[in-house]
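Follow one strand through this model and see what gathers around it. Keep the structure open as you read.

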Amino acid sequence: MKKKKIIIAILAIGTVVLLGSSLIFKGDSIDKNSPKIIQEGKKLAKGKDVEEYVGNAFEMFKKHGPISSEVWQEYDLSDKIIIIGERDNKTDDLIRGWSLTTTDKKELTKDEINKIEFPSSGGYNKVNFENKDGITLSINEKIVPIFSLMDFNYIYEVAVHEMYHFYFDDMTKYDEISKNSNGNSDRYTAFPKDTMPRVYRKMIYDNIVLAYENPLDQDLYLGKAKYWNEKWQNEYPQEYNQSKIVDIAEGKARYIEYLMCIDYKDILIEEKTEAIKSIFNKNLDVLDGIDSESYELGFASGVVLDRINSNWKKEIDENPQRPVELLLKDVQVVKDDSDYFDKVLKKASYQIKKSNKKIEKKIKSIEEAENNNNIPIFQLNGDFMNGSYTTSDFIEYKGKVVVLDFGATFKNNNGIAKIDKLSSYLLKEQDGIYNLPLTMNYKFENNRLVIDEKGISVDAKVKQTNNNGRIIYTME
């Protein structure tokens, strides 16, 4: 069996944003009544000055990095490095750079910047700099304020989340899970999206949150969470099996990310509890896909597990399992027949219907290519991708894994391709190959593909082939 590649992506909600292998931002403004430790992380983040924002990331890394192993065993960031590149808003040229360790913040020289392979704006990748392993990110003035309204500090959160994936999570332990699901382990949600599984997962999450907030009624709420989890598992077995790896991997990483944003060690239990409560995403909105739900379920389950099972982190590392199922393993089911379900279902039905309509527009080019063999396909190899990529969601559509609002830069010795918010797809038998229907104007001369249209800029030598009458251009 071919080993699946680990997807590194930035999941965008709304206009830009969000980490697909990392953050799911809630988009709420600062609550003046929230604990001081939460506000401190956000105050500077609202500033639009990039250097100030980098400084805020450094202060958080300096404060929390040295005690990272207390958040998760063997997760030691004391010798790691964060490299930030600032790109010009218009030209995308690198104009400044910084390196952050848990002890020092340093502005990079031009020579140092030129030696580092920086990803596209908003992206991230592995890096080794001055004999330190770490992460490199690219930002610009447009990105900073967008992220600033939503998180503690984009730079810091991406770094602590993704460095867990890069250096500490044992991905080989997920192979057996993938085999047991016949290789069907991925982030996508089937399209058109079904309301009910999303509501079930929302009910699981909300009851776990209530269990955390109401320790005296913890068994009641966990019993209800198990009731909804079993309904989801029994009624949607394919989705249940498919989502296991992302539930485990992103659930752990999100728990680590959020705990690394509060004063984990030097505050009272009561203060820590209030800080965690302020992070919960509490409203009637469902998170309308497997991918986004995995993060929040992992965090909520983890903070309740902290209270009832001091060994849970070692258990989940040694025997990979969803945090939510480790939490609910020995819980007695309590049937939940509250009116709250009807309220969530009513609002979710509207939300999912609206989401499906938006997705229909976003996959129009793929639908056109499905029905018209004269539309060429531009194939982009993930090996040429410069760092991570952006997306608003992953869906399965007619046997294809579609990356909605795809944004990435592909670069090799033969040219460059920049994609911004165009939907692409992967075939399950072609892992890591992104297919882009060319429904826009393009030129192909002397084995070179040139495109300069909204959302896409290409100037690269390509190979032209024919697949059952359809032209395929492949970036070589």
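Glu 86 sits opposite Ile 139 of strand β6. This is a predicted model, and that pair is a good place to enter it. Glu 86 falls within strand β2, residues 81–87, which pairs with β6 in the parallel sense. The pairing runs over 6 bridges. Another position on β6 tells a similar story: Leu 137 is the bridge partner of Ile 84.

Now turn to the other partner of β6. Strand β5 covers residues 124–129 and pairs with β6 in the antiparallel sense, again over 6 bridges. Here Asn 125 has Thr 136 of β6 as its bridge partner. The two strands form a hairpin with 2 residues between them. In that hairpin, Glu 130 takes a positive phi near 55°.

How exposed or buried is β6 itself? The strand spans residues 132–139, and 6 of its 8 residues are buried, so count it as mostly covered under the 20% relative accessible area cut-off.

Step back to the whole sheet. It is open, with 5 strands in the order β4-β3-β2-β6-β5 and mixed pairing. Strands β4 (105–107) and β5 stand at the edges. Each has a single partner strand, so one side of each is left without a neighbour in the sheet. From one strand to the next, the twist averages 25°.

Which helices pack on this sheet? Helix α2, residues 50–64, is one of them, and touches β2, β3 (94–100), β4 and β6. Its direction makes about 15° with that of β3. Helix α5, residues 154–167, also packs on the sheet. Its contacts are with β2, β5 and β6, and its direction makes about 140° with that of β6.

Look next at the side chains. The largest nonpolar core has 77 residues. Those with the most contacts inside it are Ile 82, Ile 135, Ile 155, Ile 208, Tyr 255, Phe 280 and Phe 299. Take Ile 155 as a worked case. Setting aside neighbours within four places in sequence, Ile 155 is in contact with Tyr 53, Val 54 and Ala 57, among others. Its contacts also include Ile 82, Ile 84, Leu 137 and Ile 139. Ile 84 and Leu 137 are the bridge partners met earlier, and Ile 139 is the residue opposite Glu 86.

One more core remains to be placed. It is separate, holds 26 residues, and includes Tyr 389, Val 401, Ala 408 and Tyr 434.

Technical notes
Residues numbered from 1 in each chain as written. Predicted model: local features only at pLDDT ≥ 70, side-chain atom pairs only at ≥ 80, totals over all residues. Heavy atoms only, no water. Buried < 20%, exposed > 50% of the residue type's maximum accessible area, 1.4 Å probe, protein only. Helix = DSSP H or I, 4+ residues; strand = E, 2+ residues; numbered from the N terminus. Pairing = 2+ DSSP bridges. Axes fitted to C-alpha atoms, helices over the stretch in contact; angles between N-to-C directions. Contact = heavy atoms within 4.5 Å. Core = buried A, V, L, I, M, F, W, Y, C linked by side-chain atoms within 4.5 Å.
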